Amino acid sequence: MSTKTYPLFCMGNPLLDIQVSSEEILTKYKLKPNDAILAGDEHAAIYDDIVANHKVTYVAGGAAQNAARAAAYVLPPDHVVYTGCVGDDDLADQLRAANGKEGVASAYLVKKGEKTGACAVVLTGHNRSLVTTLRAAEMFEKSHLSSPEIQPLVDGAQAFYVGGFFLTHGTESALEIAQKAASTSRVFALNLSAPFIAQFFKAQLEQVLPYTDILIGNDSEGEAWATAAGLANPKDLPAVALALAKLPKINTSRPRIVILTGGSESTLVTTSDSDTVKTCTVSPLPDDQIVDTNGAGDAFAGGFMGAFISGKSIDESVEVGHKLGAMCVGQVNWSTLQ
């Protein structure tokens, strides 16, 4: 792999999603219908519980890995590589196979004797609640980025995409990538990922934001950031988008792009060199065509990134993101985009 490079380098937490449709599980583990959390002690039993007592579907997951596969769907072959940390187990083999099928090169750090991370995905109606146990994913080491196998991939990339979930443990590694991108005027994109990132990992997020050229999140994540940052009206999402865009930026050669999605409602887009926010309409799927909302935001992000680095305009890239998001919610395993 060291002799080959890829235009888009993605980094995050590789996970195997275990999906279940169950109001009972939502209630039993006191989960919110539409949320993403790290598993606490009170959630430890959920993985064995849903496998033993419910019908489950296994889906290759991890937010940034999902986005990488979506980007690969948009881009020509051999354009996307993904790194993260996995165990030496069958789950890691499943993730490699899924990536290979979708055209993403896997550049994992493998931890011997450890288990690959997993995410319980509890579906209720059109909502999804994510409960993640990181396992090997949180054992990523910054030294992996400078290893003989991985450094050429970092040096050869034109753009980088990092999931916000990665900041719960890998801020040093994210900063390594972000600073390299800024110093060489390459694109660095970050996803806010979940409300709890802004709520409980505010310091880590603030370290990376100055290097961020493209910031993607949804309405609840934008509101969570605004609340943590002390904005007067966190529910005023256009004002939130502008505030994020105007934050200090290290690489001033390009404006920061901020995108806040609102599901089937609309998407807000602004840039740091503008004082206005554009509302992009979404063409929602009819309710009877919605199968699974898990990963829709990742599909949007990957679609946007793929289109953007291929030279599409911001508006065109948002539209590609919308189309991939719609394709995602119309099927169970969104990574098998057809």
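In the predicted model, Ser-185 is located in the loop that joins helix H6 (171–183) to strand E12. Although Ser-185 is not a glycine, its phi is positive, at about 55 degrees. The relative accessibility of Ser-185 is 35%, and the residue therefore counts as partly exposed, the category lying between the limits of 20% and 50%. A second residue of this kind is found ahead of strand E5: Asp-78, also not a glycine, has a positive phi of about 60 degrees. Asp-78 belongs to the loop between helix H3 (63–74) and E5, and with a relative accessible area of 43% it is partly exposed.

Both loops lead into strands of one sheet. This sheet is open and consists of 9 strands, arranged in the order E7-E5-E1-E11-E12-E13-E14-E15-E16 with mixed pairing. Its edges are formed by strand E7 (104–106) and strand E16 (278–281); each has a single partner strand, so that one side of each lacks a neighbour in the sheet. On average, and with direction ignored, neighbouring strands are turned by 20 degrees against each other. Helix H9 (residues 219–229) packs on the sheet, where it touches strand E12 (187–191), strand E13 (214–218) and strand E14 (257–261). The direction of H9 makes about 105 degrees with that of E13.

Strand E5 (residues 80–83) is paired with E7 in the parallel sense over 3 bridges. Within this pairing, Val-80 faces Val-104 of E7, and Val-81 is placed opposite Ala-105 of E7. E5 also pairs with strand E1 (residues 8–11), again in the parallel sense, over 4 bridges. Here Val-80 of E5 is the bridge partner of Leu-8. Val-80 thus takes part on both sides of E5, opposite Val-104 in E7 and as partner of Leu-8. The side chains of E5 are divided between two directions: Val-80 and Tyr-82 point one way, whereas Val-81 and Thr-83 point the other way. All of these residues are buried, in contrast to the partly exposed Asp-78 in the loop that precedes E5.

Helix H11 (residues 296–309) comprises 14 residues and extends 20 Å from its first C-alpha to its last, close to the 20 Å expected at 1.5 Å a residue. H11 is mostly covered, with 11 of its 14 residues buried. The buried positions include Phe-300, Phe-304 and Met-305, together with the glycines Gly-302, Gly-303 and Gly-306. Ala-296, Asp-298, Ala-299, Ala-301 and Ala-307 are likewise buried. Just after H11, Gly-311 adopts a positive phi of about 105 degrees.

For the protein as a whole, 12 helices and 16 strands are assigned. The radius of gyration is 18 Å, close to the 20 Å that the globule rule gives for 338 residues, so the protein is as compact as a globular protein of that length. The C-alpha trace spans about 55 × 45 × 40 Å along its principal axes. Of the 338 residues, 55% count as buried. Among contacts with a separation of 6 or more, 73% are between residues 24 or more positions apart. The protein exposes about 13900 Å², of which carbon and sulfur atoms supply 50%.

Definitions and conventions:
Residues are numbered from 1 along each chain as its sequence is written. This is a predicted model: local features need pLDDT of at least 70, side-chain atom pairs count only at pLDDT 80 or more; totals for chains, interfaces and linings use all residues. Side-chain values use heavy atoms; hydrogens and water are left out. Two strands pair if DSSP finds at least two bridges between them. Axes are lines fitted to C-alpha atoms, for helices over the stretch in contact, and angles run from 0 to 180 degrees between N-to-C directions. Contact means heavy atoms within 4.5 Å. The radius of gyration is taken over C-alpha atoms; the globule rule is 2.2 Å times the number of residues to the power 0.38. Buried means under 20% relative accessible area, exposed over 50%, partly exposed in between (1.4 Å probe, protein chains only). Accessible areas come from the Shrake-Rupley method with a 1.4 Å probe; for residues, only the protein chains shown count as cover. The expected span of a helix is 1.5 Å times one less than its number of residues.
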